[in-house]
Amino acid sequence: MIPQTTSLKTKQNWQHALANAINSADELLALLGLSGQLAAIDKAQIRQFPVRVPRSYIKKMRYGDASDPLLRQVFPLIDEGFRVDGYKADPVGDHLAIKSPGILQKYQGRALLLMTGACAIHCRYCFRRHFPYSESNPLAGQWQQSLDALNADKSITEVILSGGDPLSLNDEKLANAIEDLNQITHLKRLRIHTRLPVVLPERITESLLNYLQNTHLKVVMVIHANHANEIDEEAAQVLSDLRQAGVQLLNQTVLLKGINDSVDALVGLSERLNEVDVQPYYLHLLDKVAGAHHFDVEEELAVSLIENLRQQLPGYLVPRLVRELQGEASKTVIS
Ligand SMILES: *Cc1c(COP(=O)(O)O)cnc(C)c1O
Ligand code: SF4
């Protein structure tokens with residue numbers, strides 16, 4: 001049974017919300033009563049990764065607060081344009097891990113599919129902000145090749161849909177892709193990494209819930225929430241809908257300077273996740289991608305934050321602090 005509350009979440013609603021996203025730094029500031037209060041990178045530099053923020057996400061920001069933790073995730077500060085040593089276009093070696101077009105495999109048993117380059121929101125710290133999606137997209141004419149590669153490798157038991165944001169694909173494309181994966185008998189799990197339940201909850205349509213419920217694969221969804229304020233009542237409702245459709249919910253967070261690099265922010269996030277039955281999974285140290293150096297938090301501070309969390313929270317609400325190091329057989333657990 002699909003809960004009635006989702007019945008209004010039609011395709012038109014979410015695609016309309018997506019099309020209506022704010023795409024200018026000036027407009028974003030104006031909506032928050034902050035015109036002229038933050039300096040943005042210039043327009044020529046931003047073209048490769050433009051501003052994109054759904055209006056429902058802006059509603060969760062505090063009016064008139066230039067340091068709002070949600071605003072800071074999406075506002076293209078002038079700092080993005082500064083070159084800093086050690087920050088690269090491809091910080092985690094994604095290029096080297098391409099197994100066939102659109103498939104990345106770094107770890108045993110888990111293959112990651114880059115389903116699309118599109119996202120409903122542009123997070124300024126994104127480690128794939130420079131990834132050449134147009135050259136590597138399994139759905140762009142190479143889908144059969146991707147399926148063949150997955151079929152041929154019986155060691156793969158989990159497929160991870162990633163991107164971009166895989167839920168920015170429409171239901172028809174996504175349902176067909178999942179149906180094809182469903183036919184691969186050695187697969188056990190389908191994992192979806194997405195920010196949409198949090199940044200565009202309209203996307204969790206009845207149709208999506210239906211086909212997630214109807215695959216024989218165990219469905220795990222990793223939502224990427226970075227701050228408790230992101231999880232408002234609407235997000236809580238769609239998370240509950242997903243859970244009722246049998247989806248296991250986990251969260252991963254990127255540790256971001258000025259956004260969630262405090263004990264209070266991290267405790268608040270874990271408490272909120274627990275209220276909405278989402279298990280904290282990873283707290284990631286920033287991948288050193290060019291343009292995001294101003295978000296980086298020192299490892300020493302990160303470790304002390306986690307130690308504080310461990311004192312204040314039950315163990316099951318403390319995420320694992322990890323970093324992705326190129327060439328390693330798993331994420332590296334720091335604490
Ligand atoms: C992070 C990542 C995974 C998932 O790792 P888990 O530790 O299982 O969450 C899988 N494949 C790639 C390429 C990754 O970067
Ligand atoms: S939703 Fe994820 S992939 Fe998309 S811009 Fe944000 S961090 Fe990057």
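Me: How many bridges do β4 and β5 pair over, and is the sense parallel or antiparallel?
Reply: In this predicted model, β4 and β5 are paired over four bridges in the parallel sense. Within that pairing, Ile160 has Arg191 of β5 standing opposite.

Me: What order do the strands take in the sheet, and is it open or closed?
Reply: The sheet is an open one formed by 10 strands, in the order β1-β2-β3-β4-β5-β6-β7-β8-β9-β10, and the pairing is mixed. β1 (98–100) and β10 (332–333) stand at its edges with a single partner strand each, so one side of each has no neighbour in the sheet.

Me: And what holds strands of a sheet together as pairs in general?
Reply: In general, the strands of a sheet pair through backbone hydrogen bonds, in either a parallel or an antiparallel arrangement.

Me: Back to this one, which strands does helix α7 lie across?
Reply: Helix α7, which spans residues 171–182, lies across β3, β4 and β5, and the helix runs at about 165 degrees to β4. Asp171 belongs to this helix.

Me: Is that Asp171 buried or exposed?
Reply: Asp171 has a relative accessibility of 12%, and because buried means under 20%, Asp171 counts as buried.

Me: What does Asp171 touch, leaving out residues up to four places away in sequence?
Reply: With those residues left out, Asp171 touches Arg203, Thr205, Ser207, Leu208 and Tyr211.

Me: Switching to pockets, what volume does the largest one have, and which residues are closest to its centre?
Reply: The largest pocket has a volume of about 1,000 Å³. Its lining is made of 48 residues, and those closest to the centre are Phe127, Arg128, Ser162, His224 and Gln252.

Me: Which strands supply at least two residues each of that lining?
Reply: For the largest pocket, those strands are β2 (103–107), β3 (110–114), β4 (158–162), β5 (189–194), β7 (248–254) and β8 (279–284), each of which supplies at least two lining residues. The largest share, four residues, comes from β2.

Me: How do the lining residues of the largest pocket divide by class?
Reply: The lining of the largest pocket divides into 21 nonpolar, 16 polar and 11 charged residues.

Me: What about the second largest pocket, how many residues line it?
Reply: The second largest pocket is lined by 17 residues, with Glu80, Gly81, Arg83, Ala290 and Gly291 lying nearest its centre, and about 370 Å³ of space lies within this pocket. By class, its lining holds seven nonpolar, six polar and four charged residues.

Me: OK, and cavities, how many of 30 Å³ or more are there?
Reply: The structure holds one cavity of 30 Å³ or more, and the largest cavity contains about 70 Å³ of space.

Me: Which elements supply at least two residues each of the cavity lining?
Reply: β7, α11 (263–275) and β8 each supply at least two residues of the lining of the largest cavity. Among the residues that line this cavity are Asn251, Thr253, Leu266, Leu269, Tyr281 and Leu283.

Me: How many of the cavity's lining residues are charged?
Reply: The lining of the largest cavity has no charged residues, and is made up by class of nine nonpolar and three polar ones.

Me: β8 came up for the cavity, so how many of its residues are buried?
Reply: Five of the six residues of β8 are buried, so this strand is largely enclosed by the rest of the structure. β8 also pairs with β7 in the parallel sense over five bridges, and the bridge partner of Val254 in β8 is His284.

Me: Where is Ala302, and which residues is it in contact with beyond its neighbours within four places in sequence?
Reply: Ala302 is in helix α12, residues 299–312, and counts as buried at 0% relative accessibility. Leaving aside neighbours within four places in sequence, Ala302 is in contact with Leu255, Leu285, Val297 and Leu321. Ser262 is 40 residues apart from Ala302 along the chain, and the C-alpha atoms of the two are separated by 9.1 Å.

Me: Last one, Lys60: buried or exposed, and in which loop?
Reply: Lys60 lies in the loop between α4 (55–58) and α5 (71–74), and Lys60 counts as buried at 11% relative accessibility. Not counting residues up to four places away in sequence, Lys60 touches Leu70, Val198, Asn229, Glu230 and Asp232.

Conventions. Residues are numbered from 1 along each chain as its sequence is written. Chains are lettered from A and ligands numbered from 1 in the order in which they are written. This is a predicted model: local features need pLDDT of at least 70, side-chain atom pairs count only at pLDDT 80 or more; totals for chains, interfaces and linings use all residues. Side-chain values use heavy atoms; hydrogens and water are left out. On a 1 Å grid over the protein atoms alone, a cavity is a set of points where a 1.4 Å probe fits but cannot get out, and a pocket is an open set with protein on both sides within 12 Å along at least five of seven lines; lining residues have an atom within 4 Å of a point. Grid points are joined across faces, edges and corners, and a volume is the space filled by probe spheres set on the points. Ala, Val, Leu, Ile, Met, Phe, Trp, Tyr, Cys and Pro count as nonpolar, Asp, Glu, Lys and Arg as charged, and the others, Gly among them, as polar. Two strands pair if DSSP finds at least two bridges between them. Contact means heavy atoms within 4.5 Å. Axes are lines fitted to C-alpha atoms, for helices over the stretch in contact, and angles run from 0 to 180 degrees between N-to-C directions. Buried means under 20% relative accessible area, exposed over 50%, partly exposed in between (1.4 Å probe, protein chains only).
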